[in-house]
Structures are given as structure tokens and as C-alpha cells.
Amino acid sequence: MRIRHALAAAATAVSVISVGLAAGIPAQAAEYSSALKIKGVQYDAPGSDSNKCSGGNTTNEYLTIKNYSRTATVNLKGYVVKDAAGNKFTFKATHNLQPGDYIKLRGNRGTDSDAKNVVYRQNCNFIWNNDKDTIYLYKPSGARADVHSYTKKANDRDGNGYITYHG
């Protein structure tokens, strides 16, 4: 009798999962097989938004990407970051992330530095919306490496404009 109940419970669980998949589980619920993942995003730069290249604050809006592998070094060249509106940035240069290392992809213009863990988008416009957005990270092959959606109200409880995804 216990086996029958266990089998029925398992069948129900599979059915619920199948219905959830068909209904469209949020994109961030999927776990992608990638060493690189989005660690967090400063989607709302501190201060009043100003996308001026000189004196603006787009440098303070950034996405942190981390290599979560314990053994593999990952080259960012060819990886693509996009938002829900289709704005995108492609890593064109070699940036090797050692296991556990990270890089901050910042707005504005600047000099990329592996030593300082920073890459600039060379664009003074903001990419992340202050109210809600979706962040996509694609591998050079075009396969998704990671994706996260956020809303200011639901995901930024302390209101500091920063959301952490993977610790």
C-alpha cells in the first residue's frame, strides 16, 4: 500500500512539473550548465541618472560575472550580455577568468583591466532598467549561460539598486 501511495505521489509530482514547464516557468528557474554565471547586478546606479560620458554615473551601473568552476579557466571572448529590450554587449577581447574570479561589466568609457577585474561597455547609455528587466548571458556558441529577471519591488528589498543572484 505504501509503495502505491509513493508511486502516486511521484506521478503527481511529475505531472505538476510537466504542467509548470508547459505553463512557462520563469527563465531564472532554469539552471544552465555554464561555469560563468551572473553573480549580481547594480541595475540602479547611485545618484540621479546621467548618461553623460563626462560627469555621468553610468560607470556605477555594472553586471558582475563570475567563473564558478573549481578547475577551468574561462575566456570571455565571444560571450554576449543582453537585456529584455535587445541591447547587447559582446566581449570582443580575451579576458581569462580563473576559477572563482569575476569581472564587472561597467557602463561608460574606460580602459579594460584584467588586474582590476573590469571591462567597460564603451557606451555611456544605461543598459538596465531601474524598475524591471531581464539579463541574459550567452556563450560564444549562442547557448544560454545564465538568465535572471528582476523587479525593483520584488528583488531589491533594501532599495540599494543591487541584486545578488549567485553567491
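**Exercise 1. In this predicted model, determine which side chain of opposite charge is nearest to Asp156, and whether Asp156 is buried or exposed.**

*Solution.* Asp156 is buried yet takes part in no salt bridge. The nearest side chain of opposite charge belongs to Lys152, at 5.9 Å. A salt bridge requires a Lys or Arg side-chain nitrogen within 4 Å of a carboxyl oxygen of Asp or Glu. The next step is to place Asp156 in the fold: the residue sits in the loop between helix H2 (152-155) and S11. Finally, beyond its neighbours within four places in sequence, Asp156 contacts Tyr43, Thr151, Gly161, Tyr162 and Ile163.

**Exercise 2. State how many aromatic pairs a search of the whole structure finds, and classify the pair of Tyr43 and Tyr150.**

*Solution.* The search yields four aromatic pairs. One of them joins Tyr43 and Tyr150, with 4.7 Å centre to centre and 35 degrees between the planes. Planes under 30 degrees apart would count as stacked and those over 60 as edge-to-face; the pair of Tyr43 and Tyr150 is therefore tilted. In sequence the two residues are 107 residues apart: Tyr43 is in the loop between strand S1 (36-42) and strand S2 (62-67), and Tyr150 is in strand S10 (residues 144-151). Tyr43 has a relative accessible area of 0% and is buried. Tyr150 is likewise buried, at 2% relative accessibility.

**Exercise 3. Classify the pair of Tyr62 and Tyr162 and identify the strands that hold the two residues.**

*Solution.* The ring centres of Tyr62 and Tyr162 are 6.1 Å apart and the planes stand at 40 degrees, so this pair is tilted. Tyr62 belongs to strand S2 and Tyr162 to strand S11 (residues 162-164); the pair therefore ties together parts 100 residues apart in sequence. Tyr62 counts as buried, with 13% relative accessibility.

**Exercise 4. Describe how strand S9 (residues 132-138) pairs with S10.**

*Solution.* S9 and S10 pair in the antiparallel sense, over seven bridges. Within this pairing, Thr134 has Ser149 in S10 as its bridge partner. The hairpin of S9 and S10 has five residues between the strands, and there Gly142 adopts a positive phi near 100 degrees.

**Exercise 5. Locate Gly100 and list the residues that Gly100 touches beyond four places in sequence.**

*Solution.* Gly100 lies in the loop between strand S6 (96-97) and strand S7 (102-106). Its relative accessible area is 41%, so Gly100 is partly exposed. Beyond four places in sequence, Gly100 touches Lys66, Asn67 and Ser69. The C-alpha atoms of Gly100 and Arg70 are 6.9 Å apart in space, although the two residues are 30 residues apart in sequence.

Notes: Residues are numbered from 1 along each chain as its sequence is written. This is a predicted model: local features need pLDDT of at least 70, side-chain atom pairs count only at pLDDT 80 or more; totals for chains, interfaces and linings use all residues. Side-chain values use heavy atoms; hydrogens and water are left out. Helices (H or I, at least four residues) and strands (E, at least two) are DSSP runs, numbered from the N terminus. Buried means under 20% relative accessible area, exposed over 50%, partly exposed in between (1.4 Å probe, protein chains only). Contact means heavy atoms within 4.5 Å. Rings of Phe, Tyr and Trp (its six-membered ring) pair if their centres lie within 6.5 Å; planes under 30 degrees apart count as stacked, over 60 as edge-to-face and the rest as tilted. Two strands pair if DSSP finds at least two bridges between them. Lys and Arg count as positive and Asp and Glu as negative; His and the chain ends are not counted.
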